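Student: I should like to go through the terms applied to this model and see how each value meets its definition.

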Amino acid sequence: MPPSETSLLPPETEEGLAVVRKPIAHDSARLHVQGAATYVDDIREPDGTLHLAVGLATAARGRLVALDLDPVRAAPGVVRVLTAADIPGKNDVSPAFGDDPMFADAEVSFHGQVLFAVVATTRDAARRAARLARIEIAAERPMVTTDDALAENATVLPDYAFGRGDLEGGLAEAPRYLEGRFRIGGQEHFYLEGQAALAVPGEAGDILVHSSTQDPTEIQHVVARVLGCPDAFVTVETRRMGGGFGGKESQASQWAAMSALAARVTGRPCKIRLDRDDDFILTGKRHDFRADWRVGFDTQGRILAYDVALNARCGYSVDLSLGVVDRAMFHAANAYYLPAVAIRSKRLKTNTVSNTAFRGFGGPQGMIVIERVMDAIARETGRDPLDVRKASFYAPGRDVTPYGMTVEETDTLNAIVECLEHTSDYRARRAAIADFNRTSPYLKKGLALTPVQFGISFTLIHLNQAGALVHVYQDGSIHLNHGGTEMGQGLFVKVAQVVAEEFGVPIEWVRITATNTAKVPNASPTAASSGSDLNGMAAQIAARAIKQRMIDFAAANFGVGADKIVFRDGLVLIGNEAMAFADLAKKCRLGRVQLSAAGYYKTPVIHWDRATATGRPFLYFAYGAACSEVLIDTLTGEMRVTRVDVLHDVGKSLNPAIDMGQIEGGFVQGMGWLTTEELVFDAEGVLRSHAPSTYKIPVASDVPADFRVGLYPGANRQATIYRSKAVGEPPLMLAISVFCAVLDAIHAIAPGRQVRLDAPATPEAILMAIEAMKAE
């Protein structure tokens, strides 16, 4: 293990904590590696369970002329065929704007859009029957790309912009000027567990839905909307997901509602699990962007004026594009002060599946544009790209973002970058790489060190709330439930650590339970990297309420002051006496003390007025930096990441082992987005890369052999749970350093010239960029 990795871990004995800050294993780790963890498809099916398969549109845009389902109904094993006509409530599974039909009725808006669902005795029978439909669509020319949508000025929402200063004057007066266009590809979530739901009908209209979702409350609400019943009739439960990454925030609703409708009309349990190819085709991706930019800067590379137009392909409906593109705009400056700036956006409508949340929620797209600009400035000035970046960092007096929020921790990022510059041996390696490139005609190396400044909070302010339910039983065991969901990220174990710490008991005494809308209502999605911040605080509040009651009871019954009662090591120290926690719990029960509490937390300070573009949308920023080295073959375009150094700010870590895993996994996922994962739609709007054979996510051999990750030993200056910081999304953007390192390697072919390279930097893209450099 590199020295930086161990020396930067928070001390395990800090503050006398017994459970929090410990590198405790994920609560389901053993089940994961044994293949024994229960996902939706593993739940024992109730007797008589039926299975669903979907029938898909064969064109990307047009009018549905005819849909003959008689052959489907006559197929073996078919019990029912569902269409829009069978929906008792609203044919709408959208999160907000009413523009996502569960079943397309008259108009077809993207290739593969669901037209009907087959309910059959087996999954195989349902899938075979779905292929028998006779579908006639009067096809029209689809809008597929951002360029198509811009040509027709087709948008799903009005344009939005914010900024400050005299942009045009700043650009005109700047000593240096550049402009360019940068295309950023989308990304498939590729969660290991696909979209799945199991609906079980109950009595008097009740229904229980097991869903692989990041947002059980949203599922509850959408299912009730489709069925035309109150939310209280619907209970949604999620024990875990096999990955989510944002793809199960809003996109799980359609499949849950479909299974619930089937259960309602048949009176039998109904289940759906999408085939991997269908999952690719039917679910949204990370938004791809076309960014058009202009920048004015001085001779040292410091930015004086910056103008960027973020044109996002949203797909056929809004979905979550309002917030996704807003967050791209919030992060369009990354860690840089921009004196004069205009950040503009278009949410473009295309005849493709609606894009949705993906780890970073637009932030990575906004951030990589300005990092691409920084590299262009460095090539123009001849300065080291790191020095160009540092020249524009936020600093005292230069600490206000383009949306008016003051950056309170300008020193944190500077400290992280300075530390990483030293521990990664950046300067010496850059000199060595320059020597290598001068003598190597075909292999070229590149090096880049890039920063991350990522805002933490939902920018839709009302989502910044959470609830938790804690019970202490008379034997001392503890039941924990909260509104957060577990998708492998370690949220459940972190919140359990908080509760165990509060009661002074081993974590094994805390029983983690499935997220359930009947236990904690009106929860927010587990997204925006806020799961631990929100649910950890709610659980702590609930645990403290119970603990205070126990303290009050002990103080009254043992004649000691409340300040003399301490919970520690499974004991309760009452003055000079010690009692087992379980014994006090039993006494409290006999003394009629309530040992159950609901905790509620809402994030303080934050506010945002979108109309005036003013406020404080984030409670704090998470910081990090990464230094990546790559090797490219100029004859083939092949690329390998040879070394990565990361230093990341997680505040005071709740669980260093979990946080390290999130940083490593997020980095590799970001690396995939920017180097190997390419979504290809043809001119007819058909997704051609819809399986592992054509869509390449990183594999074990892509992980850098020399991968050094350290946790920056800081503390959150905001009063978050144990002064920790969010870690789910920010590490993904550390991988921008890989893309910038590729640019650096290509630049070695013709120093001083600008490199034309879009993301992802696939071998083909790298080779074309190299050939273009050679041709010039």
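The dialogue below takes up cysteines, a helix, a sheet and a loop residue in turn.

Tutor: This is a predicted model, in which local features need pLDDT of at least 70, side-chain atom pairs count only at pLDDT 80 or more, and totals for chains, interfaces and linings use all residues. Residues are numbered from 1 along each chain as its sequence is written, and side-chain values use heavy atoms, with hydrogens and water left out.

Student: How do you know that Cys 270 does not form a bond with Cys 229?

Tutor: A disulfide requires a pair of cysteine sulfur atoms within 2.5 Å. The closest cysteine sulfur to that of Cys 270 belongs to Cys 229 and lies 15 Å away, which is too far for a bond. The structure holds zero disulfides.

Student: Why is Cys 270 called buried?

Tutor: Buried means under 20% relative accessible area, exposed over 50%, and partly exposed in between (1.4 Å probe, protein chains only). Cys 270 has a relative accessible area of 0%, so the residue is buried. Cys 588, at 0% relative accessibility, also counts as buried.

Student: What makes Gly 205 partly exposed?

Tutor: The relative accessibility of Gly 205 is 27%, and therefore the residue counts as partly exposed. Gly 205 is placed in the loop between β9 (196-201) and β10 (207-211). Beyond its neighbours within four places in sequence, Gly 205 is in contact (heavy atoms within 4.5 Å) with Phe 233 and Arg 264.

Student: How do you know that the length of helix α19 agrees with what is expected?

Tutor: Helices (H or I, at least four residues) and strands (E, at least two) are DSSP runs, numbered from the N terminus. The expected span of a helix is 1.5 Å times one less than its number of residues. For the twelve residues of α19 (residues 736-747) this gives 16 Å, and the end C-alpha atoms are 17 Å apart, which agrees.

Student: What makes α19 mostly covered?

Tutor: Twelve of its twelve residues are buried, among them Phe 739, Cys 740 and Asp 744.

Student: Why are β21 and β23 called edge strands?

Tutor: Two strands pair if DSSP finds at least two bridges between them. Three strands form an open, antiparallel sheet in the order β21-β22-β23. Strands β21 (565-568) and β23 (577-580) each pair on one side only, and are the edge strands.

Student: How many bridges join β21 to β22?

Tutor: Four bridges join β21 to β22 (residues 571-574), and the two run antiparallel. Arg 568 has Leu 571 of β22 as its bridge partner.
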